[in-house]
Amino acid sequence: MVTASAPGKCILFGEHAVVYGEPAVAVAIDARVSVTLEPCQGSWKLSGAPLDERHPHARFLHSQLVGDDSDPHSMLVTSELFPAAGMGSSAALSAAIGAALMHWSTGGDELNLEHISHLAHIAEAEAQSGRASPTDTSTATLGGCVLVSDRHEDSADWRWTRTLDTPEGERRWEVHNVTLPDSVRDAYLVVGSTGIHSPTGEMVAKVAGMLERQPDRMGDIARMGQLSRIGAGALAAGNLVETGRLMDEAHGLLAGLGVSCPELERLVAAARPTSLGAKLTGAGGGGCMLALTTEPKATAEAIEMGGGRVITTSLGASGVRIER
Ligand code: MEV
């Protein structure tokens, strides 16, 4: 028996823009997806059901890492994340499945993080009609704070390159870890869920349609990328006030792209008086918002009063790991 877990993520800057090659910044959070692998009778299973087309990510990882001739096992999944809510639950699930299968099939303690992240990204891209950045899957795998960029960034630790053929042409991303200073421990993220399920692929396709109809909106995408680069610098310098201000600006740009909704606007407005900055996070259209705050209790209460369910987390949890 083996159990692996991977963290969810929150995107602080650059969601949607990163699909078009602009930079994005994400942090791993203290809420995880765990997968336990146990021998079973018959065929491979996921949470008691056959491993069929209802579980494309898991099937892909299984075919790449162990194949059909392997001894059947059951994958039991538990999650502390809100599902389909922009917290990276499918990326965390893929990373945890990848780690559990790799550990079981190789018998070694070393996990090849780049390989896990690569496979998880391909699985994610298939589920998002070919348009997926490596942000969620890299954050679930590496943990900490991740900067995905169109170039090597001197200010961060480069980890790997990811490329993907998308409907808009080939994209290339350089994936880095940003070291967070100790002062960031004074800050928390309060994630507020609207309770509205929002499939990432649909929101990504919606933005693609809008950019086709209104190509001048690419200017907003470029500004979102700038905010990511400046925001990564502010975070690395421990400048929480500036980070929050930039998050507010990023939210305005995302709303302008049409990926906010009245419920997200209500939670963002509720959080702002007690936080340094607040914005939607992930694909939008529902899902979650997040607030950067040094008063997590007050911010969480305000979001709950606005109708949201909350998770409070520090910034930069550890990445995918074998638990036992
Ligand atoms: C989803 O968490 C983030 C998006 O930018 C999509 C992606 O990066 O693949 C909306």
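A residue is counted as near a molecule if one of its heavy atoms lies within 4 Å of it. By that rule, 14 residues surround the ligand in this predicted model, and the closest are Lys9, His16, Gln128, Ser133 and Asp136.

Three of these residues can be followed atom by atom. Serine 133 uses its side chain, in which an N or O atom is 2.6 Å from an oxygen atom of the ligand. Aspartate 136 also turns to the ligand with its side chain, where a polar atom lies 2.9 Å from a ligand oxygen atom. Histidine 16, by contrast, takes part through its backbone, with an N or O atom that lies 2.9 Å from an oxygen atom of the ligand.

Asp136 leads from the ligand to the helices, since this residue of H4 is also among those that meet H2. Helix H4 covers residues 135-142, and it packs with H2 at an angle of about 50°, the two axes being 8 Å apart. An angle of that kind makes H2 oblique to H4, and the crossing of the two helices is right-handed. On the H2 side the contact is formed by Ala91, Ala92 and Ala95, which meet Asp136, Thr137, Ala140 and Thr141 of H4. Sorted by class, the residues of this contact are four nonpolar, two polar and one charged.

Helix H2, which runs through residues 89-106, also packs with helix H3, made of residues 113-127, at an angle of about 135° and with axes 9 Å apart. Why are H2 and H3 described as oblique to each other? Their angle of about 135° does not go over 145, the limit beyond which helices count as roughly antiparallel, and it lies outside the range of 65 to 115 for roughly perpendicular ones, so H2 and H3 are oblique. H2 passes H3 in a right-handed crossing. Here H2 contributes Ser90, Ala91, Ser94, Ala95, Gly98, Ala99 and Met102, while H3 contributes His115, Ile116, Ala120 and Glu124. The contact of H2 with H3 holds six nonpolar, four polar and one charged residues.

Further along the chain, helix H6 (residues 218-236) and helix H7 (residues 240-256) pack at an angle of about 165°, with their axes 9 Å apart. These two helices are therefore roughly antiparallel to each other, and their crossing is left-handed. From H6, the residues Asp220, Arg223, Met224, Leu227, Ile230, Gly231, Ala234 and Leu235 take part, and they meet Glu242, Thr243, Leu246, Glu249, Ala250, Leu253 and Leu254 of H7. Nine of the residues in the contact of H6 with H7 are nonpolar, two are polar and four are charged.

Methods. Residues numbered from 1 in each chain as written. Predicted model: local features only at pLDDT ≥ 70, side-chain atom pairs only at ≥ 80, totals over all residues. Heavy atoms only, no water. Axes fitted to C-alpha atoms, helices over the stretch in contact; angles between N-to-C directions. Helix = DSSP H or I, 4+ residues; strand = E, 2+ residues; numbered from the N terminus. Parallel < 35°, antiparallel > 145°, perpendicular 65-115°, else oblique. Left-handed = near helix turned anticlockwise from the far one by under 90°. Contact = heavy atoms within 4.5 Å. Nonpolar A, V, L, I, M, F, W, Y, C, P; charged D, E, K, R; others polar. Polar contact = N/O pair within 3.5 Å; in protein donor to acceptor, adjacent residues only side chain to side chain.
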